[in-house]
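Student: Please take me through one part of this model closely, at the level of residues and contacts, and then set that part against the chain as a whole. I would like the cut-offs behind each term as you go.

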Amino acid sequence: MESASITRSEKGQEYKISEQKTAKAGEKYAVCPVCPHHCRLKEGAVGLCRARRCENRQVVPVNYGMVTALALDPIEKKPLHFFHPGSRILSVGSFGCNLHCPFCQNHEIAEGTAKSTGAVRMSPEEILEAAVNLRSRGNIGVAFTYNEALVGYEFVRDTARLVHEVGMYNVLVTNGMAEIPILLELLPYIDAMNIDLKAFRPELYKWLGGDLQTVMRFISRAAEDAHVELTTLIIPGKNDDLQDMEEEAAWIAEIDPEIPLHITRYFPRHRMTEPPTDIRKMRILMSVAKKHLKNVVLGNV
């Protein structure tokens with residue numbers, strides 16, 4: 001029986017995935033490199049993100065160029081409050097996500113497929129044309145958002161490269177649940193990111209199907225080369241502990257105390273019916289974060 005091996009250099013420049021075989025002769029797997037789930041997929045199987053499939057013993061994005069949402073949004077909606085404030089950006093979404101947050105506000109596309117979402121195919125060149133045509137309406141570039149963009153990082157890379165060539169900006173809105181080599185492939189083309197830091201306890205990330213250490217590594221490396229703002233959605237009884245916020249803000253400050261943190265109010269969505277976050281609690285959490293960070297923003301209040 002052969003085992004899958006994943007090898008990376010310290011800087012993430014090398015990333016090789018070997019073929020895996022089960023104990024049954026002839027059964028072969030491919031291992032997805034994108035996130036820490038590293039789904040082992042038989043031929044034709046789809047990963048838990050619903051956006052990547054094994055074809056010819058390679059894991060490829062089935063959502064490449066499949067657009068579920070296209071809108072010209074205020075940059076603050078991403079949310080980015082300290083990157084070209086007052087401007088607009090063409091926002092592009094696809095389908096798929098590698099987390100399963102019970103409060104997801106975009107669960108129809110995050111948990112959807114090309115068929116269920118009614119996705120329309122668009123090429124990187126068509127996205128670029130749309131972005132350029134919207135310059136007269138204040139558009140500064142393209143934001144990859146709505147679903148988890150990194151499960152289809154190849155489309156992000158190819159489109160973002162074209163957007164840079166015409167002097168426009170690229171924004172990535174992500175949960176940060178991706179391996180560093182994937183981030184390094186995108187960083188030359190990404191100008192700004194909003195990254196979800198959903199909690200600061202490993203067990204809460206496990207509840208969402210994620211890994212805190214992966215997200216922390218992603219944030220640390222992204223902040224070296226791009227403008228980064230972070231968002232923590234405050235879920236009552238889950239991640240609203242004051243000590244957790246103290247530790248989270250202190251950790252962010254170790255990277256850079258000027259990194260903006262958006263502390264955002266939860267509202268009932270998807271499978272969660274608990275009442276919205278108490279605004280007084282939000283303000284207390286904000287005051288805790290401000291002990292360490294220079295830019296703390298309350299959202300959804």
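Tutor: The answer below begins with how the values were obtained, moves to the last helix and its surroundings, and then widens to the chain and some of its loops.

What you see is a predicted model, in which local features need pLDDT of at least 70 and side-chain atom pairs count only at pLDDT 80 or more, while totals for chains, interfaces and linings use all residues. Residues are numbered from 1 along each chain as its sequence is written, and side-chain values use heavy atoms, with hydrogens and water left out.

The part to look at is helix 9, which covers residues 279–289; helices here are DSSP runs of H or I with at least four residues, strands are runs of E with at least two, and both are numbered from the N terminus. Within helix 9, the residues Met-282, Leu-285, Met-286, Val-288 and Ala-289 are buried, where buried means under 20% relative accessible area, exposed means over 50%, and partly exposed lies in between, computed with a 1.4 Å probe and protein chains only. Viewed down the axis of helix 9, these buried residues fall within an arc of 160°, so they line one face of the helix; the arc is that of the directions from the helix axis to the C-beta atoms. The partners of that buried set are strand 15 (227–234), helix 8 (242–255), strand 16 (261–265) and strand 17 (296–299), and contact means heavy atoms within 4.5 Å.

One of these partners, strand 15, contains Leu-230, which is buried, with a relative accessible area of 0%. Not counting residues up to four places away in sequence, Leu-230 touches Asn-194, Ile-195, Ile-219, Ile-252, Ile-259, Pro-260, Leu-261 and His-262. For a longer span, the C-alpha atoms of Leu-230 and Glu-111 are 119 residues apart along the chain and 23 Å apart in space.

On the other side of helix 9 in sequence, the loop between helix 9 and strand 17 holds Lys-294, and this lysine counts as exposed at 58% relative accessibility. Lys-294 is nevertheless in contact with Pro-257 and Glu-258, leaving aside its neighbours within four places in sequence. Its C-alpha atom is separated by 7.6 Å from that of Ile-259, although the two residues are 35 apart along the chain. Ile-259 thus appears twice in this account, as a contact of Leu-230 and as the residue paired with Lys-294 by C-alpha distance.

The setting of this helix is a chain whose secondary structure comes to nine helices and 17 strands. The radius of gyration of the chain is 19 Å, close to the 19 Å that the globule rule gives for 301 residues, so the chain is as compact as a globular protein of that length; the radius is taken over C-alpha atoms, and the rule is 2.2 Å times the number of residues to the power 0.38. Along its principal axes the C-alpha trace spans about 60 × 45 × 40 Å. Of the 301 residues, 52% count as buried, and among contacts with a separation of 6 or more, 65% come from residues 24 or more positions apart.

Outside this part, Tyr-64 sits in the loop between strand 7 (58–61) and strand 8 (66–67) and is partly exposed at 27% relative accessibility. Leaving aside neighbours within four places in sequence, Tyr-64 is in contact with Arg-121, Pro-124, Glu-154, Phe-155 and Asp-158.

Some backbone details elsewhere also deserve attention when you inspect the model. Most residues other than glycine have a negative phi, and most peptide bonds are trans. Against that background, a cis peptide bond joins Lys-78 and Pro-79, with omega about -10°, and Pro-79 lies in the loop between strand 9 (69–74) and strand 10 (88–93). His-84 is found in the loop between strand 9 and strand 10, has a positive phi near 50°, and is partly exposed at 35% relative accessibility. Tyr-146, in the loop between strand 12 (139–144) and helix 4 (153–165), has a positive phi of about 75° although it is not a glycine, and at 22% relative accessibility it counts as partly exposed.
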